[in-house]
Amino acid sequence: MKTILKTMFLLCGAALSALAVHAQKKVIIEDESPKGVVLVTIDKAGDEIIRIMNESQMPYIHEPQAPRFLLTDRKGKFALGIGGYVRATAEYDFGGIVDNIDFIPAYIPNGSKIRNQFQMDASTSTIFLKLVGHTKILGDFVVYTAGNFRDGSNKGFQLRNAYVSFRDVTVGYTYGGFMDLGAMPSTIDFQGPNGATFYRATQVSYTYKGLKNFRFNASVEVPAVDGTTNNELDIAQQRMPDFTAYAQYGWNSKSHVRVGGLIRSMTYTSTLSDKAHAVTGFGIQASTTFNLGKQWQVFGQATYGKGIGQYLNDLSNLNVDIVPNPDEAGKMQALPMLGWYAGLQYNISPKVFLSSTYSMSRLYSENGYPANEPSTYRYGQYFVANLFWNVTPNMQVGAEYLRGWRTNFDNSTNHANRMNLLVQYSF
């Protein structure tokens with residue numbers, strides 16, 4: 001019996017070995033196969049693929065890193081990366097709360113009896129697909145789509161980016177031209193400083209890089225208009241795109257200064273007339289980041305305009321792009337507004353850094369509106385200090401303290417404090 005069992009075991013082993021060899025032959029990609037693909041780690045990709053991946057990486061702490069693995073064609077001219085990160089935060093509010101998962105001073109309640117709050121969030125975990133390559137017609141090209149799970153209370157999938165870029169032209173849905181990702185400070189708080197410009201838009205943009213150290217950009221963007229209306233007024237379909245442009249001068253990979261502008265026409269209708277009307281809005285902006293030696297990094301931005309609430313972090317929650325004009329029945333107006341921040345980062349070591357930022361966002365009254373409503377938001381302040389530790393190239397942890405103030409037109413002020421803890425793993 002032992003002899004029979006031993007013989008059967010050897011025969012089964014030989015059969016499995018033969019099947020394994022046969023299976024291996026099926027998946028081997030021959031060198032001459034023009035349609036073959038190879039799975040490689042990012043460091044094993046061709047120099048051109050690595051260059052395009054690095055140059056197209058967005059300089060923003062909440063953007064995913066380059067993917068760890070790539071599918072490339074046999075010649076290494078095209079590569080598809082699949083990656084993202086799992087991100088979990090724990091948040092505790094004390095001495096006042098912010099009624100939101102993000103720390104938004106505009107959402108500090110007026111006279112709330114609740115002074116403490118505990119929350120956890122994993123909805124900003126992100127997945128992306130990124131195809132890069134180079135052809136004679138398109139030059140360097142990037143096809144990129146990414147999303148997280150911030151679509152409402154049900155944690156549905158939400159699109160963050162979906163665009164194609166080639167020959168310095170970008171077409172699709174991505175970060176707007178009236179903002180500077182490279183000058184944004186590092187925060188665990190997903191929204192960031194309340195006075196920063198931050199938004200995404202479907203757009204067509206062109207960037208000119210023909211002058212050394214200079215970069216020029218112009219974009220045409222689909223508008224989004226949020227405003228306050230009454231029984232006589234309604235915000236209609238928009239007739240004109242938003243136009244943005246900027247000029248940037250950089251003197252090393254971590255230092256630049258940028259000036260930019262935006263102009264928009266916001267359409268509304270009135271029951272007192274049979275035609276559509278428009279209010280013109282505009283914005284001007286200056287931003288910078290620069291290093292002081294090897295350990296210090298400075299960040300800053302200032303934005304002023306009329307009717308640009310859609311683009312400022314705090315004011316985008318207040319529906320103040322256009323508002324009623326109390327002095328003219330059936331008319332709307334654009335209010336002046338201001339946002340700014342200044343921050344500093346200290347690199348303790350290549351893996352550990354500290355940062356701190358102060359920010360303010362302010363809404364001005366015009367023709368008595370909204371100063372005649374005393375409980376309306378006038379300005380908000382935002383202070384953050386944090387510590388980040390890149391434990392491994394793929395794992396980051398951090399701790400953060402935030403303090404916010406909301407001041408209304410009657411000068412009443414409410415404040416809140418928050419502690420954040422972060423664990424993030426990139427794949």
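A search of the whole structure, which is a predicted model, finds 18 aromatic pairs. Salt bridges come to a count of twelve, and there are three cavities of 30 Å³ or more. Here is a friendly tour of these features, starting with the rings.

**Aromatic rings**

- A pair of aromatic rings is described by the distance of the centres and the angle of the planes.
- Tyr92 and Phe94 make a stacked pair, with 6.4 Å from centre to centre and 15 degrees between the planes.
- Tyr92 is partly exposed, with a relative accessible area of 37%, and Phe94 is also partly exposed, at 28%.
- Phe178 and Tyr311 are edge-to-face, because their planes stand at 80 degrees, with the ring centres 6.3 Å apart.
- This pair links distant parts of the chain, 133 residues apart. Phe178 sits in the loop between strand 8 (169-175) and strand 9 (200-208), while Tyr311 sits in the loop between strand 15 and strand 16 (323-324).
- Both of these rings belong to buried residues: Phe178 has a relative accessibility of 1%, and Tyr311 has 2%.
- Elsewhere, Tyr208, Phe214, Phe216, Tyr249 and Trp251 are joined into a cluster by ring pairs.
- A charged side chain meets a ring as well: Arg258 lies over the face of Tyr246, 3.7 Å from the ring centre.

**Salt bridges**

- Among the twelve salt bridges is the one between Arg51 and Asp140, with N and O 2.8 Å apart.
- Arg51 belongs to helix 2 (residues 47-55) and Asp140 to strand 6 (residues 139-151), so this contact ties together parts that are 89 residues apart in sequence.
- Both partners are partly exposed, Arg51 at 30% relative accessibility and Asp140 at 28%.
- Arg51 and Asp140 also belong to a network of salt bridges that includes Glu55.
- Another salt bridge joins the side chains of Glu91 and Arg418, at 3.4 Å from N to O.
- Glu91 comes from strand 3 (residues 78-94) and Arg418 from strand 22 (residues 413-426), so the pair ties together parts that are 327 residues apart in sequence.
- Are Glu91 and Arg418 buried or exposed? Glu91 counts as buried at 6% relative accessibility, and Arg418 counts as buried at 0%.
- Lys306 and Glu366 form a further salt bridge, in which the closest N and O atoms are 3.4 Å apart.
- Lys306 is in strand 15 (residues 296-306), and Glu366 is in the loop between strand 19 (352-363) and strand 20 (377-392), so parts that are 60 residues apart in sequence are tied together.
- Here the two residues are partly exposed: Lys306 has a relative accessible area of 24%, and Glu366 has a relative accessibility of 25%.

**Cavities**

- Rolling a probe the size of a water molecule over the atoms shows where empty space is left.
- Of the three cavities of 30 Å³ or more, the largest has a volume of about 90 Å³.
- The largest cavity is lined by 13 residues, of which Gln57, Glu63, Pro64, Lys130 and Tyr144 are the closest to its centre.
- The lining of the largest cavity divides into eight nonpolar, three polar and two charged residues.
- The second largest cavity has a volume of about 60 Å³.
- What lines the second largest cavity? The residues are Arg87, Thr89, Glu91, Ile101, Asp102, Asp121, Arg150, Ile188, Asp189, Phe190, Arg418 and Asn420.
- Strand 3 and strand 22 are the elements that give two or more residues to this lining, and strand 3 gives the most, with three residues.
- By class, the lining of the second largest cavity holds three nonpolar, two polar and seven charged residues.

**Where the topics meet**

- Glu91 and Arg418 appear twice in this tour: they form a salt bridge with each other, and they are both among the residues that line the second largest cavity.
- Strand 3 holds Glu91 and strand 22 holds Arg418, and these two strands are the elements named above for that lining.

Note on methods: Residues numbered from 1 in each chain as written. Predicted model: local features only at pLDDT ≥ 70, side-chain atom pairs only at ≥ 80, totals over all residues. Heavy atoms only, no water. Salt bridge = Lys/Arg side-chain N within 4 Å of Asp/Glu carboxyl O. Helix = DSSP H or I, 4+ residues; strand = E, 2+ residues; numbered from the N terminus. Buried < 20%, exposed > 50% of the residue type's maximum accessible area, 1.4 Å probe, protein only. Phe/Tyr/Trp six-rings, centres within 6.5 Å; stacked < 30°, edge-to-face > 60°. Lys NZ or Arg CZ within 6 Å of the ring centre and 35° of its normal. 1 Å grid on protein atoms, 1.4 Å probe; cavity = no way out; pocket = protein on both sides within 12 Å on 5 of 7 lines; lining within 4 Å. Points joined across faces, edges and corners; volume = space filled by probe spheres on them. Nonpolar A, V, L, I, M, F, W, Y, C, P; charged D, E, K, R; others polar.
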